[in-house]
Structures are given as structure tokens and as C-alpha cells.
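Q: Please take a close look at a single part of this structure, the metal site. Then set it beside a few other local details.

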Amino acid sequence: MKKKIVKVKDKLLNFIKRIKNEKLISKSIKENRLFIVYVIACVLNSTLLRFFTIPTLENYLSFKTIIADIAVVTIIGSFSYLFKGKKRYIYLLIWATIFTVICTINSAYYTFYTSFASVSMLSLTQYIGEVGDAVVENVIQIKDLVYIFPLVFFIYYYHRLVKNNKYKKYSKTIRLKKFKNSIITGTIILIVFMVMLSSLEISRFVKQWNREYIVMKFGIYLYQGNDIVASIQPKISAMFGYDDAKKEFNEYYKDRNEEQDYNNEYTNIFEGRNVIVIHAESMQDIALNRTFNGEEVTPNLNKLIKEGLYFSNFYSQVSVGTSSDTELTFNTSLMPTQNGTAFVSYFDRTYIATPSLMKEKGYYTFSMHANNADFWNRRAMHESLGYDKFYSKENYDVIDENIIGLGLSDKEFFAQSIEKIKKISQEHEKFYGLLITLTNHTPFSDTEKYGDFAVTMKTTITNEDGTTSEIEAPYLEGTKLGNYFKSVHYADEALGEFFTKMNEEGLLDNTVVILYGDHDARLPKNEYNLMNNYDPVTDDIKDKDDPTYEEYDSFDYELDRKVPLLIWTKDGKVKGEVNYTMGMYDVMPTIGNMLGFYNKYALGHDIFETKENNIVVFPNGNWITDKMYYNSQKGEYKLLKDEIIEDDYISKNNEYTEKLLDVSNKAIVFDLFNPNSEETVSKKN
Ligand code: GP9
Ligand code: MN
């Protein structure tokens, strides 16, 4: 072993000596001048693009991103050595041009959309038609043309080499050697880059929903390559199995009525009223009715849930598409797709969605979110869901002092949204609108902007001498969970202001407010354990032997991920706590019954029909009923009621879950809600 190490060391030293003595570096630069100019030109363009789009120093001069660009450009360029003579230059020229075009298009696209382009959007030709002239007149600016200069320099450099007889025509052996060397160099650089990646960066790259982030960390070329793969993949999935999917789909729905076949005490009670839906970012049920030293985390929500209909066993059913998955499930009663996300990969499918159905009933439908319109591809997908207008960051006044966390603070977002709603209410007879909040989003680190809210524990302890003293133990201060509660306290305060101002404007008089938490906040399990089993004396988790220690297992964690759902009206028409187990996919049928619309294809149910017999399936195959939580990966379960269950209870529910997930996925992938799906799916491919 030792011998081997010495050998490798010697080899390495010899190699370094050779590099020094034979001036290998300067020699190889001289010999590959055109290739190097090509690499520099392309990497410079990618850097310039970041400079003109997201101009922070750490972004455009990010070492890691530059490494990524060098790797991509080098690997692609290495194939030039497989071509003889002038063809080698032509190959490099084609790629340098492609890279220049990518930078130019993205530079212009960013000015218009504050995001980066996606090839999947090419199918949205109607938009291109609409905005085409505007783009040419208003958007293409001088800065979008700078990318041409490095390309021009590359062309000029080639001609100079030819003129000075320095453009070499290599023999086949040399060309192959150069190809091998450059592709190995590129691959090594790529590996170095990949080793430097964090798991968050990898996961965002795979999900491809935050395009700015990907360009910032991976560079425009890797972004665009990944975008092409992500755009093609759903088309490939839709290529095979249409007939089987259609058959399975028809079979699944064959016994369903075209019209709603029941009435209950909620039928049509809200027909004709305005509707405001509040998408409360990462709002988890654990925050409600929770106090720290007597202070409520969510005083406003606590009041609202007493005044309205509060669903206290409500679960979101998200997959990797988090916020967007909830928007899909809430609006369509479908489950998130098994590959990619519906919002990004299947935005061009036909959906039977609440906004479209409300539109058919004469409502003006809108959505509001003060973030980039292309986040989660909402610009395109909200239109597919039937929103007449999507008010995004472009429609809000976002100044630095109003920014908390990811963007415009909830308080400011609500204040500006009310002005828009006021106008909408004057211009339209009735409206259905969605407001997506943003402040209460991970990582909950902007604590100094949330306002004062202590997550400490004031308590009385008995000293060794028998006397007592009052202490204020740090409890959740400094933990992510603690910061989360501070953030929720802010979000709740913003909600309180929203209700007050809406009321002052008379906008609540004939309005139903529906509020949901979009998904849990993905907080660490051990911090929940700390919260439940905190010992203020040791400032740590109690000992497991402590008689007051309460076990907190993975099932408790799953159950704690539930989110609130509230249906509220000013006149208190609906009231009370509903504790049936319910999922996001049950919202559409439940509110449909109240508002007077019906969707035959809903996968969820009106909770007032299924009541305690409801089942909530999760995208990973887990499911929950009033009786048990079942983990399909581990085949383990936790009973939630002291009741004997039937022998086939689990197998029946597993079967139900698998079928439902399969039908939902196929309905989206094969565009089965579209009466012309066969044609359109094949055309899309
Ligand atoms: C993005 C925001 C957050 O605009 O809605 O999305 P999430 O990270 O929660 O999916
Ligand atoms: Mn979210």
C-alpha cells in the first residue's frame, strides 16, 4: 500500500516537473488557441448574462457557476477535434452561435418576465403572437446585443489565425488525442463542480421551478440543457399507453353521475357570493391555538376559526411541487403527477378546475401573488386553470424596505391587493379570487422583521434548598421551529390586517373567505420533540426515563404536518369544528356543493357526504383515515382510534390509493379531460 502511494506521488511529481520543464501549459494554450477563445467567449457571455439579470457580485462572479459553464462548453467543444480542417472551426462556430443566441434570448426574456426562458413555452405560440411586437419594440435593448461581441471576436480570431498561417490542420491521431484530452479535462471540471453542490442545489435543479436560482448556481447552459430534458420528458411519457390509459379512465368514472346526485345542508348556501381564497404559505395546524407564556401565536386565526367552519383534521397532499401541487389539487381535485410537476410539465393539458367552473357561472376569476410570475410556471398554468388574470410581482410595487424573506411582505401584499380587489368589485358583478402569501416561507430567518414574539418558556423552578425562582428558559429561541412560530405570528398579524381593511372597504359583506395552509413547513422532527419534551432546567430534551417524557415517533410527525382549512363568512352562516379526516382534494367537491358547481371527475369527496369514512391518499402511496395512518413504504401503521379494524382494511385502502394515483396521473399525462385528447396528445408529441 505504502509502495503504491509513493509510486503515485512520484508519478505526480514527474508530471508537474514535465509541465514546468516542457512548458506544457503555454504549449497547450498555443496549440489550442481557437478552442480557448471559444471557451472564453462562451463563458464570458454566460457571466455577462448573470451580470445583466441578477447583478450581485456573488452571483455573476460565482466561482462555482463559472466552473459549471467551463465544463459544459469544454465538453461540447471537445467534439470539434473529431472534425478535419475548417470543419473544426465551423463546429465551434455553430456552438458559439447557439450559446450566444441562448444568452440573447434569455437576456431579453428576463427584461420582460424577470425569469429565464423555457423551451416548453414554445408551444404557447398565442403568447408569442400577442407579445411579439412588444418584445421587439420595448424589450430588446442594447444590453441584449452585447453577447454578439465575444462571438464576433471568435470569428475575427479564426480569420487572423488563418491569415497568419497558424490555423493548424491536424492528423487523425493528433485530433483523437486532442479530443480525448479535452473531453477528459471537461469531465474532470464537471466532477469538481458536482462535488461542490449542496443537496438543496441538486433538488432545485431536478425540480426546475425556480429558474433564477438554477441559472445563478448552475449557469445558463446547464439550465437550458436541463430545461430541454424536463420539457421533453412529459412528451415521452405521453407517447405510450394512450389506449390503456383511456380505458382505465373510463372504467374508473363509469358509475359517476353527470350531475350532482345528492343534497345536504350546505348545498348552494353560498351561490352567488364573492369568494376570496387565501393560500397561507406553510401554515401548519400546530401553530393554531398555541401560546408562549400566554401569548397566542395566531390570535387572528384563532378568532376566525371560532367564527367560521374550521376543519381540524385537514391534510395537504403535495409532492415535489409543494405550493403548486396544492394549487393543482385545491382547484382540480386531482393528485400531483408522478414525474415532474403538473405546473411545470403539464401546464398545457385541459383541466376541469374551480376557476373555470366559476367563470362559467359568471364570475370574474383572478389570482394574486407578488412573486415572479414564472415561479412554478404560474403565468401559464393559472391560465390553464381558468383564472382570467394573474396579478404577479409585475403588478405590485415592490421596494426594498417592504421585502421580507422571499419577497414582498404579506402586509404590503395584502394592502396592495385590497386596492386591486376594490377595483375588481366595482367592475365585476361577482368575483372568485386567490391570494397566495409568501412571507411565511422557509428558511424563516428574517426574524428581526417579523416583530417581537418570544418563543421562550417562563416557568417556576424549585431550587436545591427548596426555595423557588422564576426563570425564562430559551425553549425554542434559536431553533428553526421557534423562528417558524415567529414568522407565523407575523403572517397571522398580516391576515388580521387584511380582514380589518377588507371589512372597512365593505368587501366582506357578500364574500366567502376560504383559507388553507398549502403544506407543512418541513421542520426538523427533533425540534418537535424538543417542543413537546422540553426541560427548562437543563434547556434540553428530557431524559427518556423521565416519567413525563412523551414519545414522539415518525407517525406523530406525519400527523403534525396537517394544515388548517377554514370557510368563513362575516354573517357566520357556517360555524363549528369539523374533525373528519380530510384532504386538499376534498375541497373542490365540498365547496362546489356550497357554491353550486359539480365536477364529475373529482377524486376527493364532499366531506359532508363521506364524513368519518373519508380517506386521504398521499402522492407517495401513504394514506390516512379516521382509523389509521398507513405508511406504504414501510408497510407500518398507527391506529388512531381504539377500534378493531377489518382484516382487509389495509389491502382495500392500498388498492384504492394505487388506483386513484394511477388514474389521476394518467388523466393529466394523456390529457384525458380534453375531448380531443387522442389528437392533442399525439400533436403535442
Ligand atoms: C413561490 C412560492 C413558494 O412563489 O409560492 O413556493 P413553495 O416553495 O412553497 O413551493
Ligand atoms: Mn408553499
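A: What follows starts at the metal site and then moves to a helix pair and some backbone details.

This is a predicted model.

Start with the manganese ion (ligand 2). Which protein atoms hold the donor places around the manganese ion (ligand 2)? Glu 281 is listed twice, each time through OE. Ser 323 gives OG. Asp 518 gives OD, and His 519 gives NE2. These protein donors lie 2.0 to 2.5 Å from the ion.

Now look at the chain. The donors follow the spacing E-x41-S-x194-D-H. Asp 518 and His 519 are the D-H at the end of that pattern.

Why is the arrangement around the manganese ion (ligand 2) irregular? The 6 donor atoms subtend angles of 54 to 169 degrees. Six donors count as octahedral only if opposite ones are over 155 degrees apart and all others lie between 65 and 115. An angle of 54 degrees falls outside that range, so the arrangement is irregular.

Are Asp 518 and His 519 buried or exposed? Asp 518 has a relative accessible area of 0%, so Asp 518 is buried. His 519 has 1%, so His 519 is buried too. The cut-off for buried is under 20%.

Next, a pair of helices. Two packed helices are described by the angle and the distance between their axes. Helix α3 covers residues 33–53, and helix α6 covers residues 85–113. Their axes come within 10 Å and cross at roughly 5 degrees. That makes α3 roughly parallel to α6, because angles under 35 degrees count as such.

The contact draws on residues from both helices. On α3, they include Leu 34, Phe 35, Tyr 38 and Leu 49. On α6, they include Leu 92, Trp 95, Phe 99 and Tyr 110. The contact residues divide into 12 nonpolar, 6 polar and no charged.

Last, the backbone. Most residues other than glycine have a negative phi, and most peptide bonds are trans. The peptide bond from Thr 442 to Pro 443 is cis, with omega near 15 degrees. Pro 443 sits in the loop between β10 (431–436) and β11 (457–462).

Asn 293 has a positive phi of about 50 degrees. Its loop runs between β2 (291–292) and β3 (295–296). With a relative accessible area of 32%, Asn 293 is partly exposed.

Asp 539 has a positive phi, near 55 degrees. Asp 539 is in the loop between β14 (534–535) and β15 (540–541). At 37% relative accessibility, Asp 539 counts as partly exposed.

Notes. Residues numbered from 1 in each chain as written. Chains lettered and ligands numbered in written order. Predicted model: local features only at pLDDT ≥ 70, side-chain atom pairs only at ≥ 80, totals over all residues. Heavy atoms only, no water. Donors = N, O, S within 2.8 Å, 3.2 Å for Na, K, Ca; no water. Tetrahedral: all angles 85-135°; square planar, octahedral: opposite > 155°, others 65-115°. Buried < 20%, exposed > 50% of the residue type's maximum accessible area, 1.4 Å probe, protein only. Axes fitted to C-alpha atoms, helices over the stretch in contact; angles between N-to-C directions. Helix = DSSP H or I, 4+ residues; strand = E, 2+ residues; numbered from the N terminus. Parallel < 35°, antiparallel > 145°, perpendicular 65-115°, else oblique. Contact = heavy atoms within 4.5 Å. Nonpolar A, V, L, I, M, F, W, Y, C, P; charged D, E, K, R; others polar.
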